[in-house]
Amino acid sequence: MRFDPGCDVPDVESITVLANDEASEQEITERLFGMLELHPDALLTTWAGEGKDLAVLRRVASEYGLLLPSQLLDLSPYARQRLDLCRAVAGRAAFPHLPEYAGAVGIPCKPTPSKEIGQLVERGAWDKVRDQCLADVLTTSVICLRHLAAHGAIASHPHRSLLVLAEAAAKAMPASKFVPNAFAPWGRGQVACARLKGTVYRAA
């Protein structure tokens, strides 16, 4: 995502979801590193990445002789080139799981329970794995937009930005069930509620 001067919605250049049926671990990592190298000033944003994902990326880099992008060179969990939203929202409290936090603030999240994703990988159900990864990216993106806006880093229209994300996701993964069944309707509902005045009552 990129915010251009004078724009209050993000420009979503692309959404890419790769699974092991179409690329190896090394190839996936090389593509990610290549994108980060093209945008050295980009803020690498994760949910709990400092405790999991980034360690894996550094291991893959050392195993296959890849050069780490600038965003991964600083080993501090508070490096300025990165934003771990899990740490950011938790402060000194216990780190919440993404579905816990998303559920608490009303953002659609994982279509499949986290404990079942390993079984999908073992069965080779890559479409469901990809949809799960896409959902993680969309949920994290919404939390990121809210976080950066609250800190004055961006001037974002909070509701129209959701529609931009949904449109980009639907274009990138037309086979997704999460986008048309959960994320896009939720985004449209957020826009509709923003136009209403007074108390909004929702069906249970």
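How many aromatic pairs does a search of the whole structure find? There are 3 of them. Keep in mind as you read that this is a predicted model.

Let's begin with the rings. A pair of aromatic rings is described by how far apart the centres are and by the angle of the planes. Phenylalanine 178 and phenylalanine 183 make one such pair, with 6.3 Å from centre to centre and 35 degrees between the planes, and this pair is tilted. Phenylalanine 183 also pairs with tryptophan 186: here the ring centres are 5.7 Å apart and the planes stand at 50 degrees, so this pair is tilted. Why is 50 degrees called tilted? Planes under 30 degrees apart count as stacked and those over 60 as edge-to-face, so an angle of 50 degrees falls among the rest. Together, ring pairs join Phe178, Phe183 and Trp186 into a cluster.

Where does this cluster lie along the chain? Phenylalanine 183 and tryptophan 186 belong to helix α8, which covers residues 178-194, and because they are 3 residues apart there, about one helical turn separates them. Are these rings buried or exposed? Phenylalanine 178 has a relative accessibility of 4%, and because buried means under 20%, this residue counts as buried. For phenylalanine 183 the value is 0%, so this residue is buried by the same cut-off. Tryptophan 186 is buried as well.

Another ring has a charged partner. The charged end of arginine 87 sits over the ring of tyrosine 78, at 5.9 Å from the ring's centre.

Now turn to helix α2, residues 53-64, where you will find leucine 57. With 15% relative accessibility, leucine 57 counts as buried, because the limit is 20%. Which residues does leucine 57 touch, leaving aside its neighbours within four places in sequence? Its contacts are Thr29, Leu32, Phe33, Leu68 and Leu72. Take leucine 32 from that list: 25 residues separate it from leucine 57 in sequence, while in space the two are 9.6 Å apart, C-alpha to C-alpha.

Finally, have a look at the second largest pocket, whose volume is about 280 Å³. Its lining is made of 15 residues, and Asp127, Lys128, Asp131, Ala175 and Lys177 lie nearest the centre. Two or more lining residues come from each of the elements α5 (117-123) and α6 (126-150). The largest share, 4 residues, belongs to α6. By type, the lining divides into 5 nonpolar, 3 polar and 7 charged residues.

Technical notes: Residues numbered from 1 in each chain as written. Predicted model: local features only at pLDDT ≥ 70, side-chain atom pairs only at ≥ 80, totals over all residues. Heavy atoms only, no water. Phe/Tyr/Trp six-rings, centres within 6.5 Å; stacked < 30°, edge-to-face > 60°. Buried < 20%, exposed > 50% of the residue type's maximum accessible area, 1.4 Å probe, protein only. Lys NZ or Arg CZ within 6 Å of the ring centre and 35° of its normal. Contact = heavy atoms within 4.5 Å. 1 Å grid on protein atoms, 1.4 Å probe; cavity = no way out; pocket = protein on both sides within 12 Å on 5 of 7 lines; lining within 4 Å. Points joined across faces, edges and corners; volume = space filled by probe spheres on them. Nonpolar A, V, L, I, M, F, W, Y, C, P; charged D, E, K, R; others polar.
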